[in-house]
Amino acid sequence: MKRMTAFFLAAALVVSMAGCGGSGSKGEVQTGAAGEAGAQSGKDSITIATDVDIDTLHPSDFSTTIEHTILTQLYDPLMYMNPDGAHEPEPRIAESYTVSDDGKDYTFKLRSDVTFHDGSAVTADDVKFSLELYMNSEYQGSQVAGLESVEVPDASTVICHLDNPYSPFLLGVCQVPIASKAYYEKSESDFSSQPVGSGPYKYTGREKGSKITLEAYDGYYRGEAAIKNVTYEVIPDQSTTAIALKTGEVDFAMAESSTMAQIQGDEALTVEEVGTSGFSYISMNLEKEPFNDVRVRQAINHAVNRENIAAVCYDNEAEINSNICSKERFGYSDDQFQYTYDPEKAKELLAEAGVTTPLNLGTILVAEKYSNLATVIQSDLAAVGLEVTIEVKEFNAYIDDLTSGNYDITALEMTLDGDTQQLEMAFCSDYIGTANNARYSDPDMDDLFAQAKAETDTDKREAIFDQIFTKAQDEAIYAVICNPMTLYVHHTDLDCQEIPFEGIYSIYNFSWK
């Protein structure tokens with residue numbers, strides 16, 4: 001079974017997931033006296049706050065943003081998405097590449113100077129191994145959609161054979177960390193918990209629930225990083241993170257909009273607002289009544305006051321959108337239906353469905369950071385006669401229940417970045433148990449995404465996506481609320497260059513002024 005490039009937003013796997021949520025586009029907060037952080041001249045270390053801990057550092061079997069973020073520091077991909085200019089894929093571990101005339105064969109020539117953190121050379125066999133890990137991954141398989149086989153004609157050449165032409169293929173290749181086949185064969189356990197990567201930083205240790213430490217790799221082929229030591233410190237409470245930023249104990253963090261009042265007025269801190277395609281949403285378990293009735297799902301969509309949620313939970317640092325496809329993404333159309341706040345319409349739909357109110361929908365299960373979001377939703381549902389009890393769990397325990405279908409209704413944020421094709425993970429049958437949280441199964445939807453994957457004509461592909469999102473809205477598969485911005489706060493003396501869209505940054509590009 002294929003699976004997920006879904007990032008259940010856990011502090012920085014791109015995105016914010018605390019409280020109600022929060023974030024914003026690019027700006028600065030420098031309106032008062034400099035805080036205790038002061039000047040950072042000569043500093044070569046960085047402490048980064050994360051509100052959740054990792055569960056794994058397996059390069060193909062991760063599922064949260066913080067895991068993705070740390071893996072990005074430890075591993076390099078074959079190709080790289082440059083945030084500058086045209087945002088086109090560029091060679092990274094690959095030195096060059098060519099595409100066959102029929103669009104089905106991608107040939108990559110590798111650099112000769114890339115080594116893993118144990119000093120061993122990166123070879124074509126390692127690239128093949130890494131691509132095949134992704135092909136077989138329950139979590140990240142969709143990133144290499146259409147990849148049929150990988151051929152290694154020599155130690156520096158890799159050929160990817162696709163079953164059909166697929167224009168976004170290179171975007172997926174940019175997401176594949178190149179890992180050591182020999183290290184995996186030596187110890188699968190160490191491979192996941194004590195990674196030996198190919199990127200600018202090497203893993204040095206972890207204190208569970210407390211911190212993860214990295215160190216610049218002095219053999220890195222692009223030159224040793226300016227920042228030598230990295231500590232990811234686990235701080236679940238956003239207010240505590242804000243205080244740590246002000247005192248200089250933390251240098252960089254994802255922040256919630258609710259903490260901006262604490263941060264404003266400190267000239268030593270800068271706020272970066274980063275756009276993402278991530279979405280805040282309500283997921284209903286379609287395997288359970290009454291959520292298997294489309295009228296009930298439509299009623300819930302109309303019961304939700306998205307504007308109020310954006311104001312209360314995101315300080316209006318979000319774009320209202322009931323469509324799972326963000327408005328900047330290929331395939332979105334203003335002609336696709338948008339749900340609006342209409343409690344009377346919600347009541348009419350419930351009556352049509354034969355629902356007698358008040359009706360107990362069961363439990364709205366959320367991670368700790370979404371408890372405020374759940375409270376606002378609970379109030380909206382109660383206004384149309386739908387009652388829910390809030391149950392809050394630790395993040396990883398919550399994800400276990402979510403992916404196993406052990407819930408009635410939930411609210412969270414998720415990012416399915418990359419090509420629009422990645423949204424198949426929220427809808428297709430293969431992804432039930434990972435990113436298809438609604439546990440929705442429809443052969444027609446599966447077929448539409450298969451058509452989109454195989455179609456090479458841009459206009460025709462866009463028309464297929466229009467069918468997909470129109471169908472998703474008509475059937476109210478999810479109750480999408482908005483597309484939140486992501487806020488990063490860092491010390492003004494820390495040069496972060498550009499934090500890319502989706503927010504997966506590279507510490508290699510950071511330096512102290």
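This report describes two open sheets and two helix pairs in a predicted model.

**The seven-stranded sheet**

Strands of a sheet pair through backbone hydrogen bonds, either parallel or antiparallel. One open sheet has seven strands in the order β9-β10-β11-β2-β12-β20-β13, and its pairing is mixed. Its edge strands are β9 (201-207) and β13 (269-274), each of which pairs on one side only. On average, neighbouring strands of this sheet are turned by 20 degrees against each other, direction ignored.

The parallel part of the mixed pairing includes strand β2 (residues 45-50) and strand β11 (residues 229-234), which are joined by six bridges. Here Ala49 stands opposite Glu233 of β11.

Strand β20 has antiparallel partners in β12, with four bridges, and in β13, with six bridges. In the pairing with β12, Ala255 is set opposite Leu487 of β20. In the pairing with β13, Thr270 has His490 of β20 as its bridge partner.

How many of the six residues of β20 are buried? Six of the six are, so β20 is largely enclosed by the rest of the structure. In a regular strand the side chains alternate between the two faces of the sheet. In β20, Thr486, Tyr488 and His490 lie on one side, Leu487, Val489 and His491 lie on the other, and both faces are covered. His490, the bridge partner of Thr270, and Leu487, which stands opposite Ala255, are thus on opposite sides of β20.

Helix α6 (residues 238-247) lies across β2, β12 (252-255), β13 and β20 (486-491). The helix runs at about 145 degrees to β12.

**The four-stranded sheet**

A further open sheet has four strands in the order β5-β6-β8-β7, with antiparallel pairing. The edge strands are β5 (94-99) and β7 (147-154), and each pairs on one side only. Neighbouring strands are turned by 20 degrees against each other on average, again with direction ignored.

Between β5 and strand β6 (residues 105-110) there are five bridges in the antiparallel sense. Tyr97 has Phe108 in β6 as its bridge partner. Helix α2 (residues 124-135) lies across β6, β7 and β8 (157-162), and its direction is at about 170 degrees to β7.

**Two helix pairs**

Two packed helices are described by the angle between their axes and the distance between the axes. The table gives these values for two pairs.

| Helices | Angle | Axis distance |
|---|---|---|
| α13 (residues 443-454) and α14 (residues 458-474) | about 155 degrees | 9 Å |
| α9 (residues 306-314) and α11 (residues 371-382) | about 150 degrees | 10 Å |

The angle between α13 and α14 is about 155 degrees. That makes α13 roughly antiparallel to α14. Their crossing is left-handed. On the α13 side the contact is made by Asp444, Met445, Leu448, Phe449, Gln451 and Ala452, and on the α14 side by Arg461, Ile464, Phe465, Gln467, Ile468, Lys471 and Ala472. By class, the contact residues are eight nonpolar, two polar and three charged.

Helices α9 and α11 pack at about 150 degrees and are therefore roughly antiparallel to each other. The crossing of α9 and α11 is right-handed. Asn308, Ile309, Val312, Cys313 and Tyr314 in α9 meet Asn372, Leu373, Val376, Ile377 and Asp380 in α11. This contact is made up of seven nonpolar residues, two polar and one charged.

Key: Residues are numbered from 1 along each chain as its sequence is written. This is a predicted model: local features need pLDDT of at least 70, side-chain atom pairs count only at pLDDT 80 or more; totals for chains, interfaces and linings use all residues. Side-chain values use heavy atoms; hydrogens and water are left out. Axes are lines fitted to C-alpha atoms, for helices over the stretch in contact, and angles run from 0 to 180 degrees between N-to-C directions. Helices (H or I, at least four residues) and strands (E, at least two) are DSSP runs, numbered from the N terminus. Angles under 35 degrees count as roughly parallel, over 145 as roughly antiparallel, 65 to 115 as roughly perpendicular and the rest as oblique. A crossing is left-handed if the near helix is turned anticlockwise from the far one by less than a right angle, and right-handed if clockwise. Contact means heavy atoms within 4.5 Å. Ala, Val, Leu, Ile, Met, Phe, Trp, Tyr, Cys and Pro count as nonpolar, Asp, Glu, Lys and Arg as charged, and the others, Gly among them, as polar. Two strands pair if DSSP finds at least two bridges between them. Buried means under 20% relative accessible area, exposed over 50%, partly exposed in between (1.4 Å probe, protein chains only).
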